[in-house]
Amino acid sequence: MSGVSARLDGRGIVHEAGLRVDGGEFAALVGPNGCGKSTLMRTIYRALRPSAGLVTVDGDDVHRLPWRESARRTAVVAQETPAELDFTVGEVVLMGRTPYRRVPAADEERCARALDRVGLSGARERVYATLSGGEKQRALVARALVQETRLLLLDEPTSHLDVRHQLEILHLVRELGAELGMATLAVLHDLNQAAAFCDRLYVMSAGRIVAGGPPDRVLTPELISRVYGVRAVHRTQLVFERLGGGP
Ligand SMILES: Nc1ncnc2c1ncn2[C@@H]1O[C@H](COP(=O)(O)OP(=O)(O)OP(=O)(O)O)[C@@H](O)[C@H]1O
């Protein structure tokens, strides 16, 4: 995207934002509460039309594509998901096939494969509302998988999860992206986690992207103090890794 601005209720929220994510790459978008991250994400998955600028996925302006076509290019795992609550896990996953002509047998197989991939193969008939927070997130990732898109957007995918499940979901998404050549853009709040997982990091402040690049170059103490108003200090600390492998 380039030069993207967005307004809500007549107020400028995002100002001339530009970023890119390549296939197979995991990018994170970080920034203080209220700086405009979700609003920016909404312009990418077409929940909001930018007031200026261009959002492209695979070279096409997403806001000019037919809805069905843009839904074949971009999948979203968002924060709150009340719409799914009454459905079974399998039904929720199959919602990912909405932009395609339904082929029941093939779709069932896609659903089974996706559930297997996220470690939920036994949960096909369970009611979504009864899943734990981590399982819900994995079910939504499975739905995104059957949508077979080039871009996956995640808006705070780990916000309700404990540290083990946070690492699990980030691992899963990063692995899947690399395996499928899918570009992934995730809004994250934990800077250490973002730095550990992403290839590219974008920092947003007051509606603008103020830095972008490899995390070790972007996350300087100077930038963190300017954007968040806190001092960043390197200390020996506990580092959490999944059992059986680092981030
Ligand atoms: N529907 C709306 N109408 C008017 N202003 C809104 C609306 N939704 C959000 N805002 C405002 O837009 C600004 C950016 O909100 P946004 O949710 O994009 O920020 P964010 O960076 O994702 O925040 P957080 O980290 O807290 O989730 C905030 O000041 C918010 O109050």
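## Exercises on a ligand shell, a helix and a buried residue

By class, the shell around the ligand holds six polar, three nonpolar and two charged residues. This is a predicted model, in which local features need pLDDT of at least 70 and side-chain atom pairs count only at pLDDT 80 or more, while totals for chains, interfaces and linings use all residues. Residues are numbered from 1 along each chain as its sequence is written.

**Exercise 1.** State which residues surround the ligand, and sort them by class.

*Solution.* Step 1: a residue belongs to the shell if its C-beta atom, placed from the backbone, lies within 6 Å of the ligand. The shell consists of Leu-8, Asp-9, Ile-13, Gly-31, Asn-33, Gly-34, Cys-35, Gly-36, Lys-37, Ser-38 and Thr-39. Step 2: Ala, Val, Leu, Ile, Met, Phe, Trp, Tyr, Cys and Pro count as nonpolar, Asp, Glu, Lys and Arg as charged, and the others, Gly among them, as polar. This gives three nonpolar, six polar and two charged residues. Step 3: helix H1 (residues 37-44) contributes the largest share, three residues. Helices (H or I, at least four residues) and strands (E, at least two) are DSSP runs, numbered from the N terminus.

**Exercise 2.** Compare the expected span of helix H4 (residues 104-117) with the distance between its end C-alpha atoms, and explain how its buried residues are arranged.

*Solution.* Step 1: the expected span is 1.5 Å times one less than the number of residues. For the 14 residues of H4 this gives 20 Å, which agrees with the 20 Å between its end C-alpha atoms. Step 2: a residue is buried if 20 or more other C-beta atoms lie within 10 Å of its own, exposed if 12 or fewer, and partly exposed in between, with C-beta atoms placed from the backbone. In H4, Arg-110, Cys-111, Ala-114 and Leu-115 are buried. Seen down the axis of H4, these residues fall within an arc of 130° (taken from the directions from the helix axis to the C-beta atoms), so they line one face of the helix. Step 3: the face turned away from the buried side of H4 carries the exposed residues Ala-105, Ala-106, Glu-109 and Asp-116.

**Exercise 3.** Decide whether Ala-186 is buried or exposed, and list its contacts beyond four places in sequence.

*Solution.* Step 1: Ala-186 lies in strand S9 (residues 183-187). Step 2: Ala-186 has 28 other C-beta atoms within 10 Å, and therefore it is buried. Step 3: two residues are in contact if their C-beta atoms, placed from the backbone, lie within 7 Å. Apart from neighbours within four places in sequence, Ala-186 is in contact with Ala-28, Leu-154 and Pro-157.
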